Amino acid sequence: MAKILIPQAVAEEGVRELLSAGHEIKMGTGVTEEELMKEAADCDAILLRTAVVSAKVLEAGKRLKIVARHGAGYNNVDIRAAEELGIWVTNTPDATTNSVAEYTIAAILSASKRILEMNRALKAGDFFYKNTHKGMDLAGKTLAIIGLGRIGQAVAKKAHFGLDMKVIAFAHGRKQEEVPEYIRLVDWETAFVEADFVSLHVPLRDSTRGFIGQPEFERMKKTAYLINCARGEVVREKELIAALENGQIAGAFCDVFEQEPPAAENPLLSMEQVTATPHMASNTEECMAAMAYQAAVQINRVLAGLEPDWPVNCPKRSLTE
């Protein structure tokens, strides 16, 4: 019987899938490195949400064969250490696509119509705030998508067919004939110059960490908005704050931050032209169930001697066994 560590609670669908394969579930008691090292020591797999699995945690898990990430991102796992130790790391890229894409469309609508801004003003007693803070229609406006993976493509489809927006995209390595005809591929500079909304859909890697900052904000229209439902660290947050304070861009919708939870004094939480939400784009009943189930399936496959469906590494030990 294999033992599965679940450091943070997941949907019942994932637990049931693991139990159906005859595994033992070990619910974690904390997410510090020390706690994870102790609790992973006798486990064969980890079903991981947001806890950080460092090299020390992986080394402590002498029996570990897989860390199955509950979600699309996997920057909270030391991938290199996992490879060296022969441990699979997987994610659940299909589970989050529609939920995050829907949330991104909601963010664009919220920003364009200034919905939450109006809500705050009304609750503060200012019914006529609307007279000096008009929204904009989206039909015919240009959405620039940075990163054209599953989520980026889903956002493009919904924006084009649902909102009648023009869609441009920067997608490294993609060719125009490889993408739907309603998406026009452009270079990096053009994406920011032409956009009325810039929506980020890239994973956090060394190559994307802090790759959007002052030069990009200077290229954007003063009426344009930044939408970030990807990872906070891909944007240089201080430079975003400065661009907002200086009126270089009209506003932003931030579901993610460089530091999470963000500090109470973070200006993004108090700026009227910014809508901030607590990293919740995938926080739906359906998405949570799908992520838990798909992560559990990956664990069951690996513990049954099969390769996972969605590996994000190539563990060395697996090549020699």
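**Internal cavities and the setting of P308**

The second largest cavity has a volume of about 40 Å³, where a cavity is a set of points on a 1 Å grid over the protein atoms alone at which a 1.4 Å probe fits but cannot get out, and where the volume is the space filled by probe spheres set on the points, joined across faces, edges and corners. The model is predicted, with local features requiring pLDDT of at least 70 and side-chain atom pairs counting only at pLDDT 80 or more, while totals for chains, interfaces and linings use all residues. Residues are numbered from 1 along each chain as its sequence is written, and side-chain values use heavy atoms, with hydrogens and water left out.

Lining residues, defined by an atom within 4 Å of a point, are for the second largest cavity N228, G232, V235, E237, L240, C254, V256, F257 and L268.

Two cavities of 30 Å³ or more are present in the structure, and the largest has a volume of about 100 Å³. Of the 13 residues lining the largest cavity, A111, E117, Y225, Q273 and T275 are the closest to its centre. The greatest contribution to this lining, four residues, comes from α6, helices being DSSP runs (H or I, at least four residues) numbered from the N terminus.

P308 is placed in the loop between α11 (285-303) and α12 (316-320), and it counts as buried because its relative accessibility is 7%, the cut-off for buried being under 20% relative accessible area with a 1.4 Å probe and protein chains only. Leaving aside residues up to four places away in sequence, P308 touches W88, T90, Q298, R301 and V302, contact meaning heavy atoms within 4.5 Å.

Key. 1 Å grid on protein atoms, 1.4 Å probe; cavity = no way out; pocket = protein on both sides within 12 Å on 5 of 7 lines; lining within 4 Å. Helix = DSSP H or I, 4+ residues; strand = E, 2+ residues; numbered from the N terminus. Buried < 20%, exposed > 50% of the residue type's maximum accessible area, 1.4 Å probe, protein only.
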